[in-house]
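Colleague: I would like a close look at a single part of this protein, the sheet and what packs against it. Could you take me through that part in one connected account?

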Amino acid sequence: MALSRRGIILGCSALPLLGGGALFAYVNGAFRSGERPTMTPPEALEAASRGEVLFVDIRRPDEWAATGIPEGAVPLDLRRDDFLEALAAVHQNPDQPIAVICARGVRSHRMTARLSEAGYTQVIDIPEGMLGSFAGPGWLERGLPVTMP
């Protein structure tokens, strides 16, 4: 993969925000490496509508208010002190996978790791997020339905 000047500048500018691995992730696609399962927003919408996944929007309340909540998603602010307990309260079927979305895929990627460490075995990242990312255009750009909080 050839590096463009813009790509190097963007990758390096993200270092203070994302940590030292940001450029490596940008260049090598580490977030898409297959370490954890992923879904596109349309796949998440379809799976949630069929009840195949528990779809969780982990963004902040102000973000929900600004863009809406993806249809079929449970809004659950990841900053809650009782996040894992609140998730357990809505995740009634341990065999049901959990799909996680945020704004651009960074928090959802981290949350999939956190949930795996907490013992959840079927956690799926939606790396495009609501606003789009390196992985794709995102929920909103795709024109997928939202509900306002």
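Modeller: What follows goes from the whole chain to the sheet, then to the strands and helices around it.

The model is a predicted one, and its secondary structure comes to 8 helices and 6 strands, arranged along the sequence in the pattern α-α-α-α-β-α-β-β-α-β-α-β-α-β. Of the 149 residues in the protein, 41% are buried, and among contacts with a separation of 6 or more, 61% are accounted for by residues 24 or more positions apart.

The sheet itself is open and is formed by 4 strands in the order β3-β1-β4-β5, with parallel pairing. Its edges are β3 (residues 73-75) and β5 (residues 123-125), each of which pairs on one side only, and neighbouring strands are turned against each other by 30° on average, direction ignored. Strands of a sheet pair through backbone hydrogen bonds, either parallel or antiparallel.

Crossing the sheet from the β3 edge, one finds β1 joined to β3 by 3 bridges, with V56 standing opposite V74 in β3. Towards β4, β1 pairs in the parallel sense over 4 bridges, and here V56 stands opposite V100 in β4. At the other edge, 3 bridges join β4 to β5, again in parallel, and I98 stands opposite V123 in β5.

The strand β4 deserves particular attention. In a regular strand the side chains alternate between the two faces of the sheet. Both faces of β4 are covered, with I98 and V100 buried on one side and A99 and I101 buried on the other. The nonpolar cores can be read alongside this: the largest has 17 residues, and those with the most contacts inside it are M39, V53, F55, A99, I101, I126 and W139. Both α4 and β4 supply at least two residues of this core, and α4 gives the most, with 4 residues. Apart from it lies another core, of 14 residues, which includes I58, F83, I98 and V100.

One residue of the largest core can be followed in detail, namely I126. Leaving aside its neighbours within four places in sequence, I126 is in contact with M39, T40, P41, A44, F55, A99, V100, I101, G105 and S108.

Two of these contacts, P41 and A44, are also among the buried residues of helix α4 (residues 41-49), together with L45, A47 and A48. An α-helix has 3.6 residues a turn, so residues three or four places apart point the same way. What covers the buried residues of α4 includes β1 (residues 54-57) and α8 (residues 138-141). Just after α4, G51 takes a positive phi of about 75°.

Another helix to consider is α7 (residues 106-117), which lies across β4 and β5 and runs at about 170° to β5. Helix α7 also packs with α6 (residues 83-90), at an angle of about 80° and with the axes 12 Å apart; because of that angle, α6 counts as roughly perpendicular to α7. The residues that make this contact are F83, L84 and L87 of α6 and M111, R114 and L115 of α7. By class, the contact has 5 nonpolar, no polar and 1 charged residues. F83 of α6 is also among the residues of the 14-residue core, as are I98 and V100, the buried pair on one side of β4.

How values were computed: Residues numbered from 1 in each chain as written. Predicted model: local features only at pLDDT ≥ 70, side-chain atom pairs only at ≥ 80, totals over all residues. Heavy atoms only, no water. Buried < 20%, exposed > 50% of the residue type's maximum accessible area, 1.4 Å probe, protein only. Contact = heavy atoms within 4.5 Å. Core = buried A, V, L, I, M, F, W, Y, C linked by side-chain atoms within 4.5 Å. Pairing = 2+ DSSP bridges. Axes fitted to C-alpha atoms, helices over the stretch in contact; angles between N-to-C directions. Parallel < 35°, antiparallel > 145°, perpendicular 65-115°, else oblique. Nonpolar A, V, L, I, M, F, W, Y, C, P; charged D, E, K, R; others polar.
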